[in-house]
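Open the structure in your viewer and keep the selection tool ready. We will go stop by stop.

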Amino acid sequence: MAEGRDPLRYFRVEARDLVDQISAGVLDLDQRPGPEPVGRLLRAAHTLKGAARVVKQKEIADRAHAFEEILVPHRTGAGALAAEEMQELLRLNDEIAAQVSALQSPQAAAAAPSSAQQPAGQDPAEALNPVPEMPMAARAATADLDELLDAIGEANARMAPLRNGCTTVERLHRSAATLADQLRVGRGAPAATTRASAERLARELGSAGRRFTDAVDQIERELHDVRAKAEGLRLVPAGTIFTALRRAVRDAAESQGKRIRFEAYGADIRMGAHLLGPVSGAFLHVVRNAVVHGIEPEAERLAARKPAEGTVAVEVERRGRWAVFRCADDGRGFDLDALRRTARARGLLGPSARPPDQQELLDLVLHGGISTSPEVTEVAGRGIGMDAVREVATQLHGEVAVRSSPGAGATVELTIPLALLSMTGLNVEAGGTVATLPLDSVRGCVRLSATEAATAATTGRIVYDGGAAPFLPLAEALYTGSTVPDSPSPGAAVMVGTDDGTVAVGVDRLAGTSALVARPLPDLAPSTPVIGSVSVDADGNPRLVLDPQGLAAEVLRGHVGGRPAAPATAAPLPILVVDDSLTTRMLERSILESAGFEVDLAASGEEALELARSRRYGLILSDIDMPGIDGFALVERTRADPELAGVPAILVSSRANAEDRDRGRAAGAAAYVIKGEFDQEELLNHIRRLVVRA
Amino acid sequence: MTGRTVAERVARLRTDFDRSFAEPARVLDHESVELLAIRVGDRPYALCLSQTSGVHPDRPVTALPTTLRALLGVAGFAGTIVPVYDLAALLGHPIAQRPRWLALTAGTPPLALAFHELDHHLRVPVTDVVDSVTDGSGPRGYLDGMVRLPDGNRSIIDVPATRALVHQLAGHPLDPEESR
């Protein structure tokens, strides 16, 4: 058994969790003394002591015991802990953490016991790297694992009805065989009895079938749940790096004799552990820099009418497919004069007479390895912090920005792309495709009657929340480059909040919400900005995840009604109308010309090809049924011709069946309009959306 | 014959026999090449088996809004999301019918090429493969020789060249390290 070989297997998991609680608890206690944090710490230390004794980890148990001894007198809340008591707690905490991480795996423990077991408090440099940083971010919380195990157990439990069902099927099989025997022999039981047995058999088979279907449905649901939870395990909450940062701030503050409050936001945002590890390492330098260079000594702060206590805030934020890590302090900001002097001394500024502006100087900090610190202290200096952030940014394909306002503080911001993104999505169905919208961008959903949907489609607007929001059926955005398939008019509008305001997208149906992990589109699959990322559904097939910002741009771009003509819009190229019927040609020409387009006419596919090669058109509007080259062939030929492939084509036909629509789409038509349902406004909307402009 | 030589011969025969199972069939000899006879649109072609890493029928493809005509969408392969390109469109003779088969190409990033019919799998002597006369026009740039078969000659699709075309269309430069 695995347990036999590795008796520490479960202890490691539990102890890591308890050490996390203790590390965070000590810092809580440091900031807010009181019986409540003391009680929590005592419980964690006590649990750890008990567990360590069970697995004969005497060292850990003894330290947990010593930890408890310090806390017990303060259980009733009799005042704050003395400074040396706090020191001792931190020292024990570090030792316990080091010992627990040395248990990581039998090999690791054998390889690195000397450094890990060295008491951390004795060496000032050691205090700078207190708790191991990487493993902390690189694992899933036990609570998540418990949930996953529960879900697996649940799925397993659903197997029982299936197993019973197998026995039932076995029994029914025997009954059927007996019945067949009776029928074959043709004597024995009278016909009425045989019929009764056959009927009973059919009934039982029916109910067994229903039970099977139910059981399979349930298992499918449970497995879906298991899958979602397992996917989530690949991602770790950003909050796991906060304890190490908080401890670094505390230690640096103490060595500098400053009072500093640490604030952290965005602990729940989840991302890949491989991102959090390096970011945590770099941000340890950033927060130390903030404490040492940023926050002024108390007297200076008071003189500048600032609170005596400085603030260092770390914030994690998700912005679309990006994660932003921000460290802001309310200190003196970057010392621009010092920067200028250093830069000049090192010849980094060049002979230019113009003095560098603030941002140029800050960029030097970012790129040049210069520091604002007048001296190199043991906790910060030499611009090492910024180098570390820059390296992480390069490694993770991100960017760093530095902002500073003299006297008010500085901000370092690291933005990195997220390969995997955990989110809750609203699944929507449009034009036969299911796509997902990030739920946090959804402001609301509105049910649309057929009339409302028609009005919305014509006016391109929908009344919402006392205003008129721009509207676009999602299917039109999803089928860029091909024909929108036949689908009922939108049954609902989803209101999406974006930087450009709220926009409405029309969907056929809302298909519930689900937890999902989104990843970027593959490199070789360029798409329109409407698609932000892609996830994998329960069947292993890709599902598109919409980008709210890109969707808004598409809605506003296609949205011409009401607005004065967009200033940047260039004039459309002429439109080529192809139809063998004179009436249709003339009707279409009058519609297009009154909408402000220039129109050329062709009476056959052959003529159209000839014209198309002699002049640049913005769009081809063609009938299907024509003698000679028909509409399908015309579209195919123009698509295969590199010169003409860029001119969108719309097919107009009286053929209303889905098969012809599919054929049109496959041929490469960008839209398919049915003559019988000829709607001038719909046609013009298609044309305005597709036409190539000069 | 001494017992010793018999034992040696038996041992050698056994080793040869075992090895014939242990080694992948395609490296059994260097005198032949393995091909998939396929139909792209309605035209016959051949694909080198060594340039593909899998062939799959009827895999659902999620369509993407895109301006690339040849990009059919993306499909899922064991959790990896793979772009799917229509071979007929890449070779310059698209047809309306949706292709049924996907061939995963060797190399990275992942790429699947879609074609309409899989005729058969065959191993032919390398001497049956001849260099085609390149006149530099049309799809010939994406072909790599011809193979003589009883049911007629087939052009062999140059998968690396086709991949390079896809990279160019997608605006993603072909990284020599990636395609290794």
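In which helix of chain A is the place of His46(A)? Select residues 35–54 of chain A: this is helix α3, and His46(A) sits in it. Keep in mind that you are looking at a predicted model.

**Stop 1: His46(A)**

Colour His46(A). An unreviewed UniProt entry lists this residue under "modified residue: Phosphohistidine". Is His46(A) buried, exposed or partly exposed? His46(A) has 16 C-beta neighbours inside 10 Å, so the residue counts as partly exposed. To be called buried, a residue needs 20 or more.

**Stop 2: the partner helix**

Now add residues 58–71 of chain A, which form helix α4. Two packed helices are described by the angle between their axes and the distance between the axes. Here the axes of α3(A) and α4(A) come within 8 Å and cross at roughly 155°. The two helices are therefore roughly antiparallel. Their crossing is left-handed.

Show the side chains where they meet. On α3(A), pick residues including Leu41(A), Leu42(A), Ala45(A) and His46(A). On α4(A), pick residues including Ile60(A), Ala64(A), His65(A) and Phe67(A). Notice that His46(A), the residue from the first stop, is part of this contact. By type, the contact residues of the two helices split into 11 nonpolar, two polar and three charged.

**Stop 3: the whole chain**

Zoom out to chain A. It has 694 residues, and 37% of them count as buried. Colour by secondary structure: there are 25 helices and 22 strands. Among contacts with a separation of 6 or more, 68% join residues 24 or more positions apart.

**Stop 4: Asp623(A)**

Next, select strand β20, residues 619–623 of chain A, and find Asp623(A) there. UniProt, again in an unreviewed entry, gives Asp623(A) the feature "modified residue: 4-aspartylphosphate". Is Asp623(A) buried or exposed? Asp623(A) has 24 other C-beta atoms within 10 Å, so this residue is buried. Light up some of the residues it touches, among them Asp579(A), Asp580(A), Thr584(A) and Ser653(A).

**Stop 5: where two chains meet**

Finally, show chain B. How many residues does each chain bring to the contact? Chain A gives 31 residues and chain B gives 30 residues. On the chain A side, select α19 (474–478), β16 (531–536), β17 (542–546), α23 (631–640) and α24 (658–667). Each of these supplies at least two residues that touch chain B. The chain A side is made of 17 nonpolar, eight polar and six charged residues.

Definitions and conventions: Residues are numbered from 1 along each chain as its sequence is written. Chains are lettered from A and ligands numbered from 1 in the order in which they are written. This is a predicted model: local features need pLDDT of at least 70, side-chain atom pairs count only at pLDDT 80 or more; totals for chains, interfaces and linings use all residues. UniProt positions are given in the numbering used here, feature names are shortened, and annotations may be inferred rather than shown by experiment. Helices (H or I, at least four residues) and strands (E, at least two) are DSSP runs, numbered from the N terminus. A residue is buried if 20 or more other C-beta atoms lie within 10 Å of its own, exposed if 12 or fewer, and partly exposed in between; C-beta atoms are placed from the backbone. Two residues are in contact if their C-beta atoms, placed from the backbone, lie within 7 Å. Axes are lines fitted to C-alpha atoms, for helices over the stretch in contact, and angles run from 0 to 180 degrees between N-to-C directions. Angles under 35 degrees count as roughly parallel, over 145 as roughly antiparallel, 65 to 115 as roughly perpendicular and the rest as oblique. A crossing is left-handed if the near helix is turned anticlockwise from the far one by less than a right angle, and right-handed if clockwise. Ala, Val, Leu, Ile, Met, Phe, Trp, Tyr, Cys and Pro count as nonpolar, Asp, Glu, Lys and Arg as charged, and the others, Gly among them, as polar. Lists of a residue's contacts leave out its neighbours within four places in sequence.
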